[in-house]
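Visitor: I've got a structure to look at and I'd like to learn how to read it. Can you walk me through it?

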Amino acid sequence: MRCALALVTIVCAIGLSARAEEAPVGFIKTLGGTATVAHGLIATAAALGMPLYQSDRLDTGSDGELGVTFRDNTRISVGPNSRIELKHFVFKPAAAEYGFILSLAYGTLEYISGLTEKLAPDAMSIETPGFTVGARGTRLLVRAEK
Amino acid sequence: MIMRVMASAVLLVLSGCGLPADVVILLPNENGTVGKLVVHEGGSTAELDKPLTAVDAGSEASLRNVFTTQRPDVESEFAGALDAAPRAPLVYILQFQPGLAELDPRSRGDLAAATAGAKGTSYADISVIGHADATGTDPYNLALSLKRAETVRDALVAAGVPSDIIEITYHGANNPLIPTPRGVPEARNRRVEVTIR
């Protein structure tokens, strides 16, 4: 029992320290109505200026909308009744490492290209349950039915 | 007459339908240029390269249905997402004196503009990236590019920009704006890039 508790403590500590060192991938820049951000199992109300991390999930209510600017200058925004996951994000120009995968489960999304797409066009894609979109220096809209 | 009634009925039905439930639309960029996009579904792909064209992504077969959208349909069905789009990041490039972490006097105006941009942006996050040209050794250039970035960070902070929203990185001579052989001085590469998101 004691062992198990110690193990839990260690696992928690590792989890926390990984979190603390992890850099945000972007920040919430616009917000309207109801929207939540899920970090793992914890969901909180979205707020302007809130940092977002890889694997975070964003949900908007029937009156919700929000916009995010990523560290590579890519911008996205979602309309009401939408769910999107920041599935994969790597932006390390000094090491030439890039990756950017968004997953739109359902709802509406606007995407405006940033530096990842410019520097590594194949690193960027938007996935939905039915189809996948790759962009080349553009602005686009996607809607995926629930 | 009957034909006309039928024709308007068809039109009415078409406009009432609006856009497909699963759809991808290519928009022109804010600067007027147009990029392109590819939609993959099963083993099929559809490519769009003209502004306001769209594809019905409902099924692999429907990918063949490439059409031109009407602006009012797009604006009403994507109203929330379009309304929430963040504004474009502001980017400033400040030049430095050779071998020094001192601003080139010609870049003073741009530093003032960057400072105003930073203070005028709510919920800003700012990146300050230092660079050097290809004169000097790699360790020297890395250290110099860091000092240049710190000079700009300090100027922003002195003007009242909170330091915790500024992220500093430095690349030495590894990311030149204008590629040159080693040892060649190039004013445009002696720079700090400030991005205000």
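Guide: Sure. Keep in mind that this is a predicted model. Let's begin with one pair of residues: the bridge partner of A:Thr132 is B:His40, in strand 2 of chain B.

Visitor: How many bridges join strand 11 of chain A to strand 2 of chain B, and which way do the strands run?

Guide: There are five bridges, and the two strands run antiparallel. Strand 2 of chain B covers residues 36–41.

Visitor: How many residues of each chain are in contact?

Guide: Contact here is about C-beta atoms within 7 Å. By that count, 40 residues of chain A meet 34 residues of chain B. On the chain A side, strand 12 gives the largest share, six residues. That side divides into 17 nonpolar, 15 polar and eight charged residues.

Visitor: Now the nonpolar cores. What's the general idea?

Guide: In soluble globular proteins, nonpolar side chains tend to be buried together. Here the largest nonpolar core has 52 residues, and those touching the most other members include A:Leu66, A:Leu140, B:Val24 and B:Val39. Strand 9 of chain A supplies the largest share of this core, seven residues.

Visitor: Which residues does A:Leu140 touch?

Guide: Leaving out residues up to four places away in sequence, its contacts include A:Tyr111, A:Val133 and A:Ala135, along with B:Val24, B:Ile25 and B:Leu37. There's also a second, separate core of 19 residues, with B:Val152 and B:Ile166 among them.

Visitor: What does the domain assignment give for chain B?

Guide: Domain 1 spans 2–83 and domain 2 spans 90–196. Their C-alpha centres lie 43 Å apart.

Notes:
Residues are numbered from 1 along each chain as its sequence is written. Chains are lettered from A and ligands numbered from 1 in the order in which they are written. This is a predicted model: local features need pLDDT of at least 70, side-chain atom pairs count only at pLDDT 80 or more; totals for chains, interfaces and linings use all residues. Two residues are in contact if their C-beta atoms, placed from the backbone, lie within 7 Å. Helices (H or I, at least four residues) and strands (E, at least two) are DSSP runs, numbered from the N terminus. Ala, Val, Leu, Ile, Met, Phe, Trp, Tyr, Cys and Pro count as nonpolar, Asp, Glu, Lys and Arg as charged, and the others, Gly among them, as polar. Two strands pair if DSSP finds at least two bridges between them. Domain bounds come from an automatic or database domain assignment. A nonpolar core is a set of buried Ala, Val, Leu, Ile, Met, Phe, Trp, Tyr and Cys residues joined through C-beta atoms within 7 Å. A residue is buried if 20 or more other C-beta atoms lie within 10 Å of its own, exposed if 12 or fewer, and partly exposed in between; C-beta atoms are placed from the backbone.
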